[in-house]
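Me: Could you take me through this structure step by step, please? I am new to this, so short explanations would help.
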Amino acid sequence: MTATTHEAGHHADEPTGLTRWLVTTNHKDIGSMYLLFSLAMFLVGGAMALVIRAELFQPGLQLVDPYFFNQMTTMHALVMIFGAVMPAFTGLANWMIPLMVGAPDMALPRMNNWSFWLLPFGFAILLSTLFMPGGGPAGGWTMYPPLMLQTGTAFPFVIFAIHVLGISSIMGSINVVATILNMRAPGMTLMKMPLFVWTWLITAYLMIAVMPVLAGAITMLLTDQYFGTTFFSAAGGGDPVLYQHIFWFFGHPEVYILILPAFGIISTIIPAFARKPLFGYSSMVYATASIAFLSFIVWAHHMFTVGMPLAGQLFFMYSTMLIAVPTGVKVFNWVATMWRGAMTFETPMLFALAFVFLFTIGGFSGLMLAIAPADFQYHDTYFVVAHFHYVLVTGAVFAILAAAYYWLPKWTGHMYSERLGQWHFWLSVIFVNVLFFPQHFLGLAGMPRRIPDYSVQFADWNMISSIGGFGFGFAQLLFVWLLFKCIRGGEKAEARAWEGAEGLEWEVPSPAPHHTFDTPPVVR
Amino acid sequence: MKTMIVRTALAGLVTGLMLVAAPAAADLGLINMTRGVTESSERIYDLHMTIFMITVVIGVGVFGAMFYSIFRHRKARGVKPATFHHSTTVEIIWTVIPLAILVAMAVPATMVLVDFEDTSDTEMTVKVTGYQWFWGYEYMDENVQFLSRLDRDSDRARQLGSDIQPASVDNYLQNVDRRLILPVDTRVKFQITAADVIHSWWVPDLGWKRDAIPGFVNETWTEIKEPGVYRGRCAELCGRDHGFMPIVVEAVEKEAFQAWLAEQRGDDAAATTAGADDAEAGAELASR
C-alpha cells in the first residue's frame, strides 16, 4: 500500500465535528487540544492570581474573606502547575516529538486520547470544589496536614481530582518514553536527537518516578481523614513532617518536570535565530541528566525550618548547591551559542533571550535559598514567591510562549503577526518584572507568603507588584487575540518557516499535514 | 519599524525600572534583610550579603557576555555566523570554577549553621505554642504563662469592609495584647510546638524562624544584644487567620526582666489572679 492510498483511506472514515476531537488518536489533534486546554487553564489560574493581587493592592481587607483568599492561593498553584504548565509541555511533546524523530504518530495513540480527556474531567472536579459547602481547598497546594484535614466537603474531591491528573501525566509520560525509544527514524541515534526530545525523555522518567509518590502521600491523607489511620498525626504515633518529606520527594523532581522541557525549547530556538549550531550538545544532555538525578536528593531544602538534624541540613544544603553546576553549564552553553552568531530577534527569540536572563535571576535566588542558615530568614516569605515565579513564569511560561511562536507557523500554516508578537513580548517582559521583582524586597523586609493582609510598611511594593500583575495579566489577552488571528489566516508559512531552523519538523509542509512520516525519513 | 518598537520598549523598560526604584530610594531598609539584634542574625545577614554579592558578580559576567553578544553578533550588522559548536577545555573550565565558588560559599554557611544548631548552655527556657490563631508563651519552671493575640485596634480594622484606615492604627497587624518579655544578654532556649496545625514562629530581628509542629517540640535559641521591641509573625500557612497572629518580643535589661517575672509569678496577689485567668482561658481555647 502506498502512502497516498493510506492517506485517502484515513480521510474517508474519519469522523468530523465534535466527534473528531472526542475520538481522535492523531498526535497533532491531541497536541492542539492539550495546548488550548492549557491556555484556558492559564487564563483561569491567572484570574485567580488577579484576585490575589487585587486584595493585596493595599493593606486592609477590601475584597475577599481571608479563607477565600487561601482558596485562591491554593487553586492558583494547582491550576497553573497541573493545568497550565504540565499540559502545555505534554501538548508540545505530542505535536513535536513524532515530527522531530520522524515517527508517524505517538506509540500509544488510544492511550494518548485518554490521557488528554482525563484532564477536563479532573479539572471540572477540582474547580467545582470552589462551589461546595465550606469552599475549595485552602491549605496551600502543598496540602500539609494537619491543616489540609480541616478542608470541608471539598477534601475527597480534591484528592480524587489530583489522582486523575496524576494518572493522565503518567500515561502521557509512558507514551513519550515509548515513542522516543521505539519510533525514531532510521539513523537517528540517541545522541542525534533534538534536545527538546532529550529533555522530554528525561522529564518523562521523572514523572513516572514521582507522580506515584504524590498519589501515595495524598492517599495517606485520605485514609487519615476517613479510615482512622494516623500516618501524619503525632497523637497516633505518626508525624506531620513525614508528609512533607514524601510530598517534597515528589515536589522537587516536579519542579524540574516543569523546567527541563523548557531547557529543550530554549536549546532549539537560540541556535535557530543565532544561525549557529548549539554549543556543547553532549554536555547539555549530561547536564540535563545530572539535574534530574540531583532532583531526587535535594527535597528537604524545602523544609530547613522543620527542625532537621545538623547532618541532614548540611547534606541537603550541599546537594542543592550542586545543582548550580549543571544549570550553570546550560546557561553558559546558551550564551556561547549566541556568541559570534548572526542573531535576529523575532518574538520566539525574544522570549528565549528573556528566559535566559530572567531564569538565571531565578537561579541566583535559588542559590541563595539553598544556604540553610540564610533560608531561616527567607523561608516562607515573598522572597521564595519571587524566586519560584522567576523560574516558573519567566522560566517555564516564557519558554512555552517562545515555543508557541516558534512552531505556530508549522501548526497553523500561517505566520503570526510579528507586530502583535513584539507588543506581547515587551509588555509581558516589562510587567512581569514590575510584578515579581519587588517581591524579593517584600520577602527580605519580612513579609510572609500566603497572607491576605499585611502591615503598612509593605504597602508601596505590594501596590507596584499588583500594578505589574494586572499589566502582565491583560498583556496575555494580546496573545489570545494573536493566536485567534493566526489560526484564522495570515501570511502563508513556508515549510521551513525560519531561516535558521533545523530539524525534521521543518522538512514537512506548513501546516503539517494530518499524517506525516508514514514512511520514515532517513537521518544521515 | 522594528528598531522603533525596540526603542520604545527600551524607553518603557527604563521608565518602569525608575518607577520601581523611586520608592526604594525613599527607604532602603525596606528592600533588604534586617541585620537583627543577635549574633546569629548578624552572621546570617553577612552570609546573605556575601552570597548575594557573589551572584551579582557572576550575573555581571554572564549577562555582560550575553548583552555584548546581542549587540555585536546580530545579523543586522552583516556578520557571518561562526560554526564552532563545542570546546572541551572551555566546558571543563566552566564546570570547575563554579564548583570552586560553591565550596567557597559552603564553608561560611556550614560554620554559621553548626554554631546555630548548638542549643547547649542556655540560661532560661521559653515554651512557645502555636494555636489557630494566636501564640502561647510559658516561662519554664517559673510558673508564668499567657496567651498573646492580635491587639484589638488591628483586629477591628482588619475586618472585611471595616472602613478603618490601616495606616491610622498603631502598628497595624504587628501589635499584640501581651508581649513576650525577654532579658537581653541571656542565652534563651525556645521549645516550640503547636496545639492544632503547623505554625512557624518568626521574628526577623532574631535571625530565624522555626516551625511549630503539633506533637513535636523543636528546640532553638537566641541571645538578644539590645533592649527594644522586635516584631514578627507566623510564617507557615495555618488557616483562615494565618496573617493575623503577630509576635512581639520586648527585650529588657536583666533586672527589669526579673522584676517583671516576679510580678507575673504572683509575688503580687493581683497578678496571680490575672495569670490564673489567662491559663484557664488558654486551656479552654486550646481544647476548642
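Me: Which residue forms a salt bridge with B:Arg43?
Reply: Happy to help! A salt bridge is a side-chain nitrogen of Lys or Arg within 4 Å of a carboxyl oxygen of Asp or Glu. For B:Arg43 the closest N and O atoms are 3.3 Å apart, and the partner is B:Asp115.

Me: Before we go on, what kind of model is this, and how is it numbered?
Reply: Residues are numbered from 1 along each chain as its sequence is written, while chains are lettered from A and ligands numbered from 1 in the order in which they are written. Side-chain values use heavy atoms, leaving out hydrogens and water, local features need pLDDT of at least 70, side-chain atom pairs count only at pLDDT 80 or more, totals for chains, interfaces and linings use all residues, and the model itself is predicted.

Me: How many residues apart are B:Arg43 and B:Asp115?
Reply: Helices (H or I, at least four residues) and strands (E, at least two) are DSSP runs, numbered from the N terminus. B:Arg43 sits in helix H2 (residues 39-72) of chain B, and B:Asp115 in helix H3 (residues 88-116) of chain B. The pair links distant parts of the chain, and the separation is 72 residues.

Me: Is B:Arg210 buried or exposed?
Reply: B:Arg210, in strand S7 (residues 208-212) of chain B, makes a salt bridge with B:Glu117 (3.4 Å, N to O). Buried means under 20% relative accessible area, exposed over 50%, and partly exposed in between (1.4 Å probe, protein chains only). B:Glu117 has 22% and so counts as partly exposed. B:Arg210 has a relative accessible area of 3%, so the word for B:Arg210 is buried.

Me: Which strand holds B:Lys189?
Reply: B:Lys189 forms a salt bridge with B:Glu219, their closest N and O atoms being 3.7 Å apart. B:Glu219 lies in strand S8 (residues 218-222) of chain B, so the pair ties together parts 30 residues apart in sequence, and the strand of B:Lys189 is S5 (residues 188-194) of chain B.

Me: What area is buried between chain A and chain B?
Reply: The size of an interface is often given as the accessible area lost when the parts come together. Buried area is that loss (1.4 Å probe) for two parts, summed over both. Carbon and sulfur atoms give 73% of it here, and the value is about 8600 Å².

Me: Which three residues supply more of the area that chain A buries against chain B than any other three?
Reply: Contact means heavy atoms within 4.5 Å, and 103 residues of chain A are in contact with 97 residues of chain B. The three residues you ask about supply 8% of the area that chain A buries against chain B. They are A:Phe332, A:Phe376 and A:Gln377.

Me: Which residue of chain A forms a salt bridge with B:Lys75?
Reply: Between chain A and chain B the count is two salt bridges. In the pair with B:Lys75, the closest N and O atoms are 2.8 Å apart, and the partner is A:Glu499.

Me: Which residue shares a side-chain polar contact with A:Thr229?
Reply: A:Thr229 is in the loop between helix H7 (195-226) and helix H8 (240-257) of chain A. A polar contact is a pair of N or O atoms within 3.5 Å; within protein, one must be able to donate a hydrogen and the other to accept it, and residues adjacent in sequence count only if both atoms are side-chain atoms. The side chain of A:Thr229 makes one of 2.7 Å, and its partner is A:Asp224.
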